[in-house]
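Please walk me through this protein, starting with its overall layout and ending with its charged pairs. I am new to it, so a plain tour would be welcome.

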Amino acid sequence: METYYYFILPIVLLLLFFLFRSFFTGRKNIPGELFTQALKNENSGHFEEAVATYKNALQEVQKGHFHDTHLENMIVEKLRVLNTAIEYQKNFHCDRQLQGSKNGTGGILPA
């Protein structure tokens with residue numbers, strides 16, 4: 001066996017290793033991307049869209065081969081907080097309309 005085979009063989013094996021490694025680790029992190037998208041929706045005040053996106057991210061985490069329990073717990077906690085915020089906004093909006101109609105302003109409170 002020639003000596004240059006000892007140099008070519010490790011180089012070819014390293015190239016194959018890096019090729020397979022990039023193929024398997026190059027997959028997109030779909031739950032993470034959905035989580036960041038939902039976080040952007042939440043920060044911009046679109047709570048209903050954020051809830052829907054968080055639910056999609058939660059389904060993707062649960063579908064995955066390896067459960068990321070930390071991400072799953074974060075999503076569940078965000079869903080709880082958002083549902084509370086949505087209920088608060090609905091109650092606050094209804095209360096303001098009721099107070100305005102009681103004052104005779106037709107649902108608009110005087111400044």
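The tour below goes from the overall layout to the core, then to the surface and the charged side chains.

Keep in mind from the start that this is a predicted model. The protein has 4 helices and 0 strands, and reading along the sequence gives the pattern α-α-α-α. It consists of 111 residues, of which 20% count as buried. If you take the contacts with a separation of 6 or more, 42% of them are between residues 24 or more positions apart. The accessible surface is about 9000 Å², and carbon and sulfur atoms account for 61% of that.

Now look inside. In soluble globular proteins, nonpolar side chains tend to be buried together. Here the largest nonpolar core has 15 residues, and the members that touch the most others are F35, V51, Y54, L71, I75, L79 and L82. Three elements give two or more residues each to this core: α2 (30-43), α3 (47-63) and α4. Of these, α3 gives the most, with 7 residues. To see how the core is put together, try following L79: leaving out residues up to four places away in sequence, L79 touches V51, Y54, K55 and L58.

Next, turn to helix α1, which spans residues 4-25 and includes V12. V12 also belongs to a nonpolar patch on the surface, which covers about 1300 Å². The other residues that make this patch are Y4, Y5, F7, I8, L9, L13, L16, L19, F20, F23 and F24. Why can V12 be counted in a surface patch? Patch residues need over 30% relative accessible area, and V12 is partly exposed at 38%.

The charged side chains come next. Side chains of opposite charge can pair when their charged atoms come close. How many salt bridges does a search of the whole structure find? The search finds 3.

One of them joins the side chains of K78 and E42, with N and O 3.7 Å apart. K78 is in helix α4 and E42 is in helix α2, so this pair ties together parts that lie 36 residues apart in sequence. K78 counts as partly exposed, at 25% relative accessibility, while E42 counts as buried, at 14%.

Another salt bridge links E60 with K63, whose closest N and O atoms are 3.2 Å apart. Both residues sit in helix α3, and because they are 3 residues apart, about one helical turn separates them. E60 is partly exposed at 24% relative accessibility, and K63 is exposed at 61%.

A further salt bridge is formed by R80 and E77, at 3.0 Å from N to O. These two lie in helix α4, 3 residues apart, which is about one turn of the helix. E77 counts as partly exposed, with a relative accessibility of 41%.

Finally, have a look at E72, which is found in helix α4 (residues 69-102). Is E72 buried or exposed? E72 is buried, yet it has no salt bridge. The nearest side chain of opposite charge is that of R80, 10 Å away. Setting aside neighbours within four places in sequence, the residues in contact with E72 are L58, V61, Q62 and H67. L58 may look familiar, as L79 touches it too.

Key
Residues are numbered from 1 along each chain as its sequence is written. This is a predicted model: local features need pLDDT of at least 70, side-chain atom pairs count only at pLDDT 80 or more; totals for chains, interfaces and linings use all residues. Side-chain values use heavy atoms; hydrogens and water are left out. Patches are made of residues with over 30% relative accessible area and no salt bridge: like charges are joined within 9 Å, nonpolar side chains (Val, Leu, Ile, Met, Phe, Trp, Tyr) within 5 Å. Accessible areas come from the Shrake-Rupley method with a 1.4 Å probe; for residues, only the protein chains shown count as cover. A salt bridge is a side-chain nitrogen of Lys or Arg within 4 Å of a carboxyl oxygen of Asp or Glu. Buried means under 20% relative accessible area, exposed over 50%, partly exposed in between (1.4 Å probe, protein chains only). Lys and Arg count as positive and Asp and Glu as negative; His and the chain ends are not counted. Contact means heavy atoms within 4.5 Å. A nonpolar core is a set of buried Ala, Val, Leu, Ile, Met, Phe, Trp, Tyr and Cys residues joined through side-chain atoms within 4.5 Å.
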